[in-house]
Amino acid sequence: MSCTGHQHQTGTKFSILPSHECGFSLLQDLLPLSFCQGDHSDLIWIPALPSDFAPHQLPWSQLGPSEMVQKRSLAVPYGVPVLAISFLACVATGLELSVNNHAADFTLSTELGPPISLSCLVHNSSQAEELLWYRGDGQVGLKDGNKVNISNICISPVNESDNGVTFTCKLARDKSVQVSVILDVHFPPRLSGEETLHVEEGKDVTLTCNSKSNPQAQTTWYKDNHSLTLQQNHHELHQTSEVFQLSIKKVQKSDNGTYTCVVESPLGNGTRDFHLIVEDKKPVFPKEAIIAAVVVVTITIFFGIVARKDTIFKCFKKPKETTLR
């Protein structure tokens with residue numbers, strides 16, 4: 001193998017060329033020109049090292065012929081730091097996590113009930129690495145034997161509240177190294193809402209059908225078991241991902257009846273009945289007229305008292321005593 005590169009004023013410089021999964025690397029960086037001439041025996045080779053390798057456990061004096069760093073012009077004091085630098089660079093760039101064999105963020109589809117397991121694994125690490133799990137922003141408590149290099153969590157049973165929740169596995173010493181999984185929990189429609197509503201004739205009323213489902217369902221309204229015919233300026237529909245509303249403006253006696261919210265999804269259908277009872281109008285007294293009458297009566301009484309104050313006061317005066325002689 002020959003060694004080539006680009007020429008600088010102070011010599012030729014090369015870069016680290018990593019092999020598969022950092023098994024070994026050819027270091028041609030930070031070397032003066034005199035160390036990169038001739039055949040391959042002048043190059044520095046990093047042998048394939050076991051995953052539990054620690055540099056202090058492998059002194060140069062114990063290296064065999066196949067493990068010895070090949071050198072012709074490089075002295076031993078240069079070889080030790082070069083090996084360490086190359087090894088650390090390999091570890092820093094190759095360390096990664098995977099969750100259920102996914103090295104990048106992903107979405108996991110599941111159904112209600114059966115538990116699911118998430119397994120986080122450290123790759124390309126030469127040391128024990130502590131792992132952390134998060135559910136949303138909250139950290140998940142892990143047992144001591146379930147934190148190092150591999151960590152598993154189980155969601156059991158899977159329910160509706162788990163839908164859309166993000167579970168994230170992070171490296172404890174560098175939380176930027178992480179993999180997230182979003183749960184996509186499929187479940188049929190679940191309906192709720194006030195079943196009986198009383199409304200006065202002429203008032204507005206809204207029937208609210210709360211529906212939770214995944215995937216999102218389609219809704220149809222019925223009245224007395226017949227498809228509801230929407231009337232302009234009388235009926236209005238409002239819909240969000242979980243709320244379906246039917247508004248009726250200025251309710252009439254003809255609006256009295258049973259309204260049914262029918263929700264359909266690929267996983268099943270759901271229905272909810274709403275009984276609308278339209279009551280007679282209550283007699284309305286004009287407030288302005290009543291207030292005006294009260295004011296008039298009060299003022300009249302006040303001035304009447306003022307005009308007859310002398311007569312009124314005489315009635316309360318004590319009669320004088322007459323002395324007999």
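What share of the 325 residues in the protein is buried? Buried residues make up 31% of them, and that figure comes from a predicted model. The legends below go from the whole chain to single side chains.

**Figure 1. The whole chain, with three helices and 21 strands.** The average pLDDT of the protein is 74, and 65% of the residues reach at least 70. Residues 1-93 are another matter: pLDDT stays under 50 there. The model still has 109 contacts for that stretch beyond four places in sequence, but where pLDDT is low, the predicted coordinates should not be read in detail. Taking contacts between residues at least 6 apart in sequence, 61% join residues at least 24 apart.

**Figure 2. An open sheet of five strands, in the order S14-S21-S20-S16-S17.** Pairing in this sheet is mixed. Its edges are S14 and S17 (226-227), each of which pairs on one side only. Strand S14 (residues 196-200) runs parallel to S21, with five bridges between them, and Thr196 sits opposite His275 of S21. S20 and S21 run antiparallel and share nine bridges. A hairpin takes the chain from S20 to S21 through two residues. For a landmark in this part of the sheet, look for Glu264, which faces Asn269 in S21.

**Figure 3. Trp221 and Phe274, the one aromatic pair that a search of the whole structure finds.** The ring centres of Trp221 and Phe274 are 5.7 Å apart and their planes meet at 45 degrees, so this pair counts as tilted. Trp221 belongs to strand S16 (residues 218-223) and Phe274 to strand S21 (residues 268-279), so the pair ties together parts that are 53 residues apart in sequence. Are these two residues buried or exposed? Both Trp221 and Phe274 are buried.

**Figure 4. Thr260 and its neighbours in strand S20 (residues 257-265).** Thr260 has a relative accessible area of 10%, so it counts as buried. Its side chain makes a polar contact of 2.7 Å with the side chain of Asp273. Leaving out residues up to four places away in sequence, Thr260 touches Thr220, Trp221, Tyr222, Thr271, Arg272 and Asp273. One of those neighbours, Trp221, is also a member of the aromatic pair in Figure 3.

**Figure 5. Arg173 and Asp174, where a loop meets strand S13.** Arg173 is in the loop between strand S12 (166-171) and strand S13 (174-192). With 53% relative accessibility, Arg173 is classed as exposed. What joins the side chains of Arg173 and Glu129? A polar contact of 2.8 Å does the job. The two residues are 44 apart in sequence, and their C-alpha atoms are 8.0 Å apart in space. Arg173 also touches Leu95 and Gln127, in a list that includes Glu129 and leaves out residues up to four places away in sequence. Asp174 is in strand S13 and, at 31% relative accessibility, is partly exposed. From Asp174 to Leu131 is 43 residues in sequence and 9.8 Å in space, C-alpha to C-alpha.

**Figure 6. Lys170 over the face of Tyr134.** Which ring does Lys170 lie over? The ring belongs to Tyr134, and Lys170 is 4.7 Å from its centre.

**Figure 7. Two cis peptide bonds, Ser156 to Pro157 and Asn214 to Pro215.** Most residues other than glycine have a negative phi, and most peptide bonds are trans. The bond between Ser156 and Pro157 is cis, with omega about -10 degrees, and Pro157 is in the loop between strand S11 (150-155) and S12. The bond between Asn214 and Pro215 is cis as well, with omega about 10 degrees. Pro215 is found in the loop between strand S15 (205-214) and S16.

**Figure 8. Asn101 and Asn124, with positive phi.** Asn101 isn't a glycine, yet its phi is positive, at about 70 degrees. Asn101 is in the loop between strand S6 (96-99) and strand S7 (106-111), and its 77% relative accessibility makes it exposed. Asn124 isn't a glycine either, and has a positive phi of about 60 degrees. The loop holding Asn124 runs between strand S8 (116-123) and strand S9 (131-135). At 33% relative accessibility, Asn124 is partly exposed.

Notes. Residues are numbered from 1 along each chain as its sequence is written. This is a predicted model: local features need pLDDT of at least 70, side-chain atom pairs count only at pLDDT 80 or more; totals for chains, interfaces and linings use all residues. Side-chain values use heavy atoms; hydrogens and water are left out. pLDDT is the predictor's confidence in each residue, from 0 to 100. Contact means heavy atoms within 4.5 Å. Rings of Phe, Tyr and Trp (its six-membered ring) pair if their centres lie within 6.5 Å; planes under 30 degrees apart count as stacked, over 60 as edge-to-face and the rest as tilted. Helices (H or I, at least four residues) and strands (E, at least two) are DSSP runs, numbered from the N terminus. Buried means under 20% relative accessible area, exposed over 50%, partly exposed in between (1.4 Å probe, protein chains only). A charge sits over a ring if NZ of Lys or CZ of Arg is within 6 Å of the ring centre and within 35 degrees of the ring normal. A polar contact is a pair of N or O atoms within 3.5 Å; within protein, one must be able to donate a hydrogen and the other to accept it, and residues adjacent in sequence count only if both atoms are side-chain atoms. Two strands pair if DSSP finds at least two bridges between them.
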